[in-house]
Amino acid sequence: MKPLVSIIMGSTSDLPVMEKACKFLNDLKIPFEVNALSAHRTPAAVETFAKEAADRGIKVIIAAAGMAAALPGVIAANTTLPVIGVPIKGMLDGLDAMLSIIQMPPGIPVATVGVNGAMNAAILAVEMLALSDEAIAQKMKEHKAGLGAKIQKANADLSAIKDYEFKTN
């Protein structure tokens with residue numbers, strides 16, 4: 001099984017956040033890999049990874065980083081694959097990382113999700129894959145339908161609460 005999505009994080013301390021992406025991809029049976037690479041501590045390895053990713057069959061890269069958050073941009077500078085940046089909450093509640101990721105120069109785009117938004121990064125990656133794979137597109141349709149069903153159930157549960165004298169529904 002060859003990975004279609006690569007999840008890269010600046011350090012394993014980002015894993016508790018990125019596990020949500022891993023779980024989502026695993027639940028949808030999308031092959032993925034997970035690695036720790038640092039734009040500042042292992043720059044040559046990051047460059048090699050990015051330049052070789054497409055030849056290995058990777059279709060989308062999710063790159064998570066905190067603080068200076070250079071990792072997504074360095075990867076994007078060295079590949080033509082789509083890169084999704086996940087800013088990791090750190091010193092300034094993740095604002096520092098988010099600003100580092102979204103302020104890419106022209107020609108080097110990095111799609112960016114919210115701070116600690118690993119789940120949305122995985123969903124976006126799968127939506128990208130779904131553009132050329134009908135089976136993956138069907139999985140995404142089922143996932144989105146399930147989101148609506150969860151809200152309908154939540155509303156039914158809220159309606160069943162009778163603990164408040166002035167609650168009208």
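This passage walks through a predicted model of a protein, from its overall layout to its largest pocket.

The protein is built from 6 helices and 5 strands. Read from the N terminus, these elements follow the order β-α-β-α-β-α-β-α-β-α-α. Along the principal axes, the C-alpha atoms fill a box of roughly 65 × 40 × 30 Å. Of the 169 residues, 38% count as buried. Contacts that reach across the sequence can be followed too: among those between residues at least 6 apart, 66% join residues at least 24 apart. An unreviewed UniProt entry places the feature "domain: PurE" at residues 3-151. Over residues 3-151, the chain is 46% helix and 17% strand, and the C-alpha atoms at the two ends are 32 Å apart.

A good place to start a closer look is strand β1, which covers residues 5-9 and contains Ser6. Ser6 has a relative accessibility of 0%, and therefore counts as buried, the cut-off being under 20%. What does Ser6 touch, leaving aside residues up to four places away in sequence? Its contacts are Glu33, Phe49, Ile58, Val60, Ile61 and Ile62.

Helix α4 offers a second example of burial. In this helix, which spans residues 95-102, Asp96, Ala97 and Ile101 are buried. Seen down the axis of α4, the buried residues fall within an arc of 125°, so they line one face of the helix. The general geometry helps here: an α-helix has 3.6 residues a turn, so residues three or four places apart point the same way. The cover over the buried residues of α4 includes the strands β3 (60-66), β4 (83-88) and β5 (111-112), together with helix α3 (71-77).

The loop between β3 and α3 deserves a pause, and Met67 is found there. Met67 is not a glycine, yet it has a positive phi of about 50°. Ala69 lies in the loop between β3 and α3 as well, and Ala69 also has a positive phi of about 50° without being a glycine. Is Ala69 buried or exposed? With a relative accessible area of 5%, Ala69 is buried.

Met67 leads on to the largest pocket, as Met67 is one of the residues nearest the pocket centre, along with Gly10, Arg41, Ala65 and Gly66. The largest pocket has a volume of about 310 Å³, and 18 residues line it. By type, the lining divides into 8 nonpolar, 7 polar and 3 charged residues.

How does the pocket relate to the annotation? The unreviewed UniProt entry places a "binding site" feature at Ser11, Asp14 and Arg41. Ser11, Asp14 and Arg41 are included in the lining of the largest pocket. Ser11 is found in the loop between β1 and α1, the helix of residues 15-27. Not counting residues up to four places away in sequence, Ser11 touches Ala36 and Arg41; Arg41 is itself one of the annotated residues.

Asp14 also lies in the loop between β1 and α1. At 8% relative accessibility, Asp14 counts as buried. Apart from residues up to four places away in sequence, Asp14 touches Met9, Ala64, Ala65 and Ile88. Among these contacts, Ala65 is one of the residues nearest the centre of the largest pocket.

Conventions. Residues are numbered from 1 along each chain as its sequence is written. This is a predicted model: local features need pLDDT of at least 70, side-chain atom pairs count only at pLDDT 80 or more; totals for chains, interfaces and linings use all residues. Side-chain values use heavy atoms; hydrogens and water are left out. On a 1 Å grid over the protein atoms alone, a cavity is a set of points where a 1.4 Å probe fits but cannot get out, and a pocket is an open set with protein on both sides within 12 Å along at least five of seven lines; lining residues have an atom within 4 Å of a point. Grid points are joined across faces, edges and corners, and a volume is the space filled by probe spheres set on the points. Ala, Val, Leu, Ile, Met, Phe, Trp, Tyr, Cys and Pro count as nonpolar, Asp, Glu, Lys and Arg as charged, and the others, Gly among them, as polar. UniProt positions are given in the numbering used here, feature names are shortened, and annotations may be inferred rather than shown by experiment. Helices (H or I, at least four residues) and strands (E, at least two) are DSSP runs, numbered from the N terminus. Buried means under 20% relative accessible area, exposed over 50%, partly exposed in between (1.4 Å probe, protein chains only). The arc is that of the directions from the helix axis to the C-beta atoms. Contact means heavy atoms within 4.5 Å.
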